[in-house]
Amino acid sequence: MAKHQAYMARALQLAERGLFTTDPNPRVGCVIVKQGEVIGEGWHQRAGEGHAEVNAIQAAGGQVQGADCYVTLEPCSHFGRTPPCAEALIAAGIQRVFIAMQDPNPLVSGQGVEKLKTAGIEVTVGLLAKEAEDLNRGFCKRMRTGWPFVRSKLAMSLDGRTAMASGESRWITGDAARQDVQKLRAQSSAIMTGTGTVLTDDPTLTVRPEGDWHPQNQSIRQPLRIIVGKDPVIPEYAALFDDMTEILIVTTKQREKGRFADVLTVPEKDGQVDLTTMMWILGKRGINEIMVEAGSRLNGALLEAGLIDELVIYMAPKLMGDSAKGLFHLPGLQTMADNIELEISDIRAVGKDWRITAKPIYKKSK
């Protein structure tokens, strides 16, 4: 079993190379082994290009007959932009296939495994399944529920403040934390913020490949930028428009597509954008992972609606005082019984700051 885990661990390492490039497809890696030696490796590099299995078969150079295949996601069984990978494995003469996890995509789920078994190939599913799931949390959630995975990134002082009373917030954290945020942006399908943050901070919301986190041989895939507001008015000189990356404005008002941005009109709820409907539509548009970089009001509304799956909070070793702004606007929490509990999964130093990763535990499911 140890050797099988080692080969699958290598396949997961390969899959991670597509962390910033495969969206909206999942990140998948593949290793082909024959007589105890790795003869081919591959990973899915970009949507529309060859899948991991096909790339690994090509890398093996015709020596695949009778070999074992280790792949992090069930081989596809349908025609999309590329032919079915299950058929490619069968045609290559693979003898055994080890799969980390079943594909949650209804077009594939179980069918790829069945096709391999029907062809006489021995199939094992579940090797390092959790690690494979973690690599594709957004894709898996969207395929199972229709909803994107939502991660909210926040920066705060040690006393839980995000900005001074004037709105000034640059910079709470240091360079290392800001570079870490770029990595989170790069793996996201979209970056979401509110109109207030656009007007106050004038952000670009683009990925800047600074530091050593970014493979220098990969081109940057810029996430969709989403601006949420009941009836947002964004000046044309805003920094958002300095870059040609796509912008989507989510609003409750009917309005024409702008010169710089597309528009999504959703219903109104409690005088604001219906965030639940918005997320459902974004999931239908194929958005796997959304990173929220917003102020206390949008973050609070998303949290109250049960729409945030993960919080990534960067905590700086400084104090900002009573008049500074807090992380979330949550006026509905009046007693201790109303509190939202968090399950902390990771705490680590990032430069001089601390990064806390936590999952909200909602009392009521959405």
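**Exercise 1. Work out the order of the strands in the sheet of 9 strands, and find its edges.**

Solution. Step 1: the 9 strands line up as S11-S10-S9-S8-S14-S6-S15-S18-S17, in an open sheet with mixed pairing. Strands here are DSSP runs of E with at least two residues, helices are runs of H or I with at least four, and both are numbered from the N terminus. Two strands pair if DSSP finds at least two bridges between them.

Step 2: strand S11 (262-265) and strand S17 (341-350) each have a single partner strand, so one side of each lacks a neighbour in the sheet.

Step 3: from one strand to the next, the twist averages 25°. Axes are lines fitted to C-alpha atoms, for helices over the stretch in contact, and angles between N-to-C directions run from 0 to 180 degrees.

A note on the source: this is a predicted model, in which local features need pLDDT of at least 70 and side-chain atom pairs count only at pLDDT 80 or more, while totals for chains, interfaces and linings use all residues. Residues are numbered from 1 along each chain as its sequence is written, and side-chain values use heavy atoms, with hydrogens and water left out.

**Exercise 2. Describe how S15 and S18 pair.**

Solution. Step 1: strand S15 covers residues 310-316 and strand S18 covers residues 353-361. Step 2: the two pair in the antiparallel sense over 5 bridges. Step 3: Ile-313 stands opposite Ile-356 in S18.

**Exercise 3. Place helix H6 against the strands it lies across, and list its buried residues.**

Solution. Step 1: helix H6 (residues 137-145) lies across strand S6 (149-157), strand S14 (289-292) and S15, at about 135° to S6.

Step 2: the buried residues in H6 include Gly-138, Phe-139, Cys-140, Lys-141, Arg-142 and Met-143. Buried means under 20% relative accessible area, exposed means over 50%, and partly exposed lies in between (1.4 Å probe, protein chains only).

Step 3: these buried residues pack against helix H5 (129-135), S6, helix H9 (275-284) and S14. Contact means heavy atoms within 4.5 Å.

Step 4: just after H6, Gly-146 has a positive phi of about 90°.

Step 5: on S6, Arg-151 is a residue to inspect. Arg-151 counts as buried because its relative accessibility is 3%. Among the residues that Arg-151 touches are Arg-137, Leu-184, Glu-289, Ile-290 and Val-312.

**Exercise 4. Count the disulfides and examine Cys-30 and Cys-140.**

Solution. Step 1: a disulfide is taken as a pair of cysteine sulfur atoms within 2.5 Å. By this rule, the count is 0 disulfides.

Step 2: Cys-30 is in no disulfide, and the nearest cysteine sulfur, that of Cys-69, is 3.4 Å away. Cys-30 counts as buried because its relative accessibility is 0%.

Step 3: Cys-140 is in no disulfide either, with the nearest cysteine sulfur, that of Cys-76, 15 Å away. At 1% relative accessibility, Cys-140 is also buried.

**Exercise 5. Trace the sheet of 5 strands and its hairpin.**

Solution. Step 1: the order is S2-S1-S3-S4-S5, again an open sheet with mixed pairing. Step 2: S2 and strand S5 (122-125) are the edge strands, each pairing on one side only. The twist averages 15° from one strand to the next.

Step 3: strand S1 (residues 29-34) and strand S2 (residues 37-43) are antiparallel, with 6 bridges. Ile-32 has Gly-40 in S2 as its bridge partner. The two strands form a hairpin with 2 residues between them, and Gln-35 in the turn has a positive phi of about 50°.

Step 4: strand S3 (residues 68-71) and strand S4 (residues 96-99) run parallel and are joined by 4 bridges. Cys-69 stands opposite Val-97 in S4.

Step 5: helix H2 (residues 52-60) lies across S1, S2 and S3, at about 140° to S2.

**Exercise 6. Identify the largest nonpolar core and a second one.**

Solution. Step 1: a nonpolar core is a set of buried Ala, Val, Leu, Ile, Met, Phe, Trp, Tyr and Cys residues joined through side-chain atoms within 4.5 Å.

Step 2: the largest core has 46 residues, and those with the most contacts inside it are Met-8, Ile-32, Val-64, Tyr-70, Ile-94 and Val-97. Helix H1 (residues 2-16) gives the largest share of this core, 6 residues.

Step 3: a second, separate core has 33 residues, including Leu-264, Ile-308, Leu-327 and Ile-356.

How values were computed
Lists of a residue's contacts leave out its neighbours within four places in sequence.
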